[in-house]
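Colleague: I'd like to take a close look at just one part of this model, with you talking me through it. Here is what I have on screen.

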Amino acid sequence: MKQKIVLGTRGSALALAQTEIVKAMLLAAHSDLEVTHEVIRTTGDIRLDVKLNEPGTLDKGLFTKELEEALIAKRIDAAVHSLKDLPTTLPDGLFLSSVLPRAETADILIGKSPLGLNGIAQGGIVATSSERRKRHINWLRPDIEVIAIRGNVPTRLQKLVDNEAWGGIILAQAGLERLGYDVESGHIEAECITFFATSIDEMLAAPGQGAIGLETREDDTQTQAILAAINHEPTLARVRAERALLKKLGGGCHMPLGVRTILDGDKLFMEAVLFEGDRREPHVASASGTTAEPEKLAETIYAKFRQ
């Protein structure tokens, strides 16, 4: 008799693409498994008027709350998340069960110049939904105006097409590639217009960026055993360190914190930038640790921030 598992997902094109990745990996790992999914609309999908960088707005799970309610009610067995959107403090009885192999973590400027940020003229406009990206751009290029943007990837690309004054928008490489855009070619097509896709190498990613996380009930050992087959331990070590630092700082998913973690065997290296208050210059810190104690590495970075 086949085992069954129901995945919960948001209904965006990216969320569905990520759920299909999870499905494919589960079916490859379990020949006797039936995998279905249920689409659940979250507050973040409905309330496009909400500013993502408003203090306290997103720390309560703007993109995850309804998925977690369905999980607790046992309508679904596992919730599929873009890990950067999952709060570090989860509801009682739920936990991060597994993570998939991480995709590229780079932030990509989709713009009208092949020179990336250097090609944005003084006073030019760049759009992003992320306070971290905004603060980082203000640090790198204080002469650029950064404005807010909401909506899915096609909607944001359409806004770039429609606004001639905009120099570009910033999106995550992982999301673009999961939607089928060929970022490596250096070009993105939208409405028969070719834009340039340039990695912003100086910009550190959000904690968990590029990773897909699977949240389950703590008492559902059957689902945990099924998901264990696709859990990627190297990615888990990296995101545990990143999320531990975010939690230590008391910030939500959209705190202006950028991180980069690198694995070398059982060694784990992290560098981080934190933008606080009104100061333009960020706190910058780096440290090394081990994959066995990723939370300890986060504590070391935190201590350096507070020196």
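In which order do the 3 strands of the open sheet with E12 and E14 come, and is the pairing parallel or antiparallel?

Modeller: Happy to, and keep in mind that this is a predicted model. The order is E12-E13-E14, and the pairing is antiparallel. On the outside you find strand E12 (257–264) and strand E14 (283–290), the edge strands, each of which pairs on one side only. On average, neighbouring strands of this sheet are turned by 15 degrees against each other, if you ignore direction. As background, strands of a sheet pair through backbone hydrogen bonds, and they can do so parallel or antiparallel.

Now zoom in on one pair. Strand E13 (residues 267–274) is joined to E14 by 8 bridges, and the two run antiparallel. You can pick out single rungs if you like: Met270 has Ala287 of E14 as its bridge partner, and Val273 has Val284 of E14.

Those two partners in E14 make a nice contrast. The side chains along E14 alternate: Ala287 points to one face together with His283, Ala285 and Gly289, and these are buried. Val284 points to the other face, along with Ser286, Ser288 and Thr290, and these are not buried. So if you step along the strand on your screen, you should see the side chains switch faces as you go, since they alternate.

What about the helices around this sheet? Helix H9 (residues 294–305) lies across E12, E13 and E14, and its direction makes an angle of about 155 degrees with E14.

Helix H4 (residues 131–140) belongs in the picture too. Its buried residues are Glu131, Arg132, Arg133, Arg135, His136 and Ile137. Look at that list with a helix in mind. An α-helix has 3.6 residues a turn, so residues three or four places apart point the same way. The buried residues of H4 pack against E12 and E13 from our sheet. They also pack against strand E5 (107–111), strand E6 (125–128), strand E7 (145–148) and strand E8 (166–172). At the start of H4 there is a small detail to hunt for: a side-chain oxygen of Ser130 comes to within 3.2 Å of the backbone nitrogen of Arg132.

While you have E5 and E6 in view, find the loop between them, where Gly123 sits. Gly123 counts as partly exposed because its relative accessibility is 45%. Gly123 is also 19 residues away from Pro142 in sequence, with 9.1 Å between their C-alpha atoms in space.

For a buried residue to set beside Gly123, go to Thr235 in helix H8 (residues 233–248). Thr235 has a relative accessible area of 2%, so it counts as buried. Its side chain reaches the backbone nitrogen of Arg102 at 3.1 Å. Leaving aside neighbours within four places in sequence, Thr235 is in contact with Val99, Leu100, Pro101, Arg102 and Ala211.

Finally, zoom back out to see where our sheet belongs. The protein has 9 helices and 14 strands, and 53% of its 307 residues count as buried. Of the contacts with a separation of 6 or more, 67% are between residues 24 or more positions apart. The radius of gyration is 19 Å, which agrees with the value near 19 Å for a compact globule with 307 residues. Along the principal axes, the C-alpha atoms fill a box of roughly 65 × 50 × 35 Å.

Note on methods:
Residues are numbered from 1 along each chain as its sequence is written. This is a predicted model: local features need pLDDT of at least 70, side-chain atom pairs count only at pLDDT 80 or more; totals for chains, interfaces and linings use all residues. Side-chain values use heavy atoms; hydrogens and water are left out. Two strands pair if DSSP finds at least two bridges between them. Helices (H or I, at least four residues) and strands (E, at least two) are DSSP runs, numbered from the N terminus. Axes are lines fitted to C-alpha atoms, for helices over the stretch in contact, and angles run from 0 to 180 degrees between N-to-C directions. Contact means heavy atoms within 4.5 Å. Buried means under 20% relative accessible area, exposed over 50%, partly exposed in between (1.4 Å probe, protein chains only). A polar contact is a pair of N or O atoms within 3.5 Å; within protein, one must be able to donate a hydrogen and the other to accept it, and residues adjacent in sequence count only if both atoms are side-chain atoms. The radius of gyration is taken over C-alpha atoms; the globule rule is 2.2 Å times the number of residues to the power 0.38.
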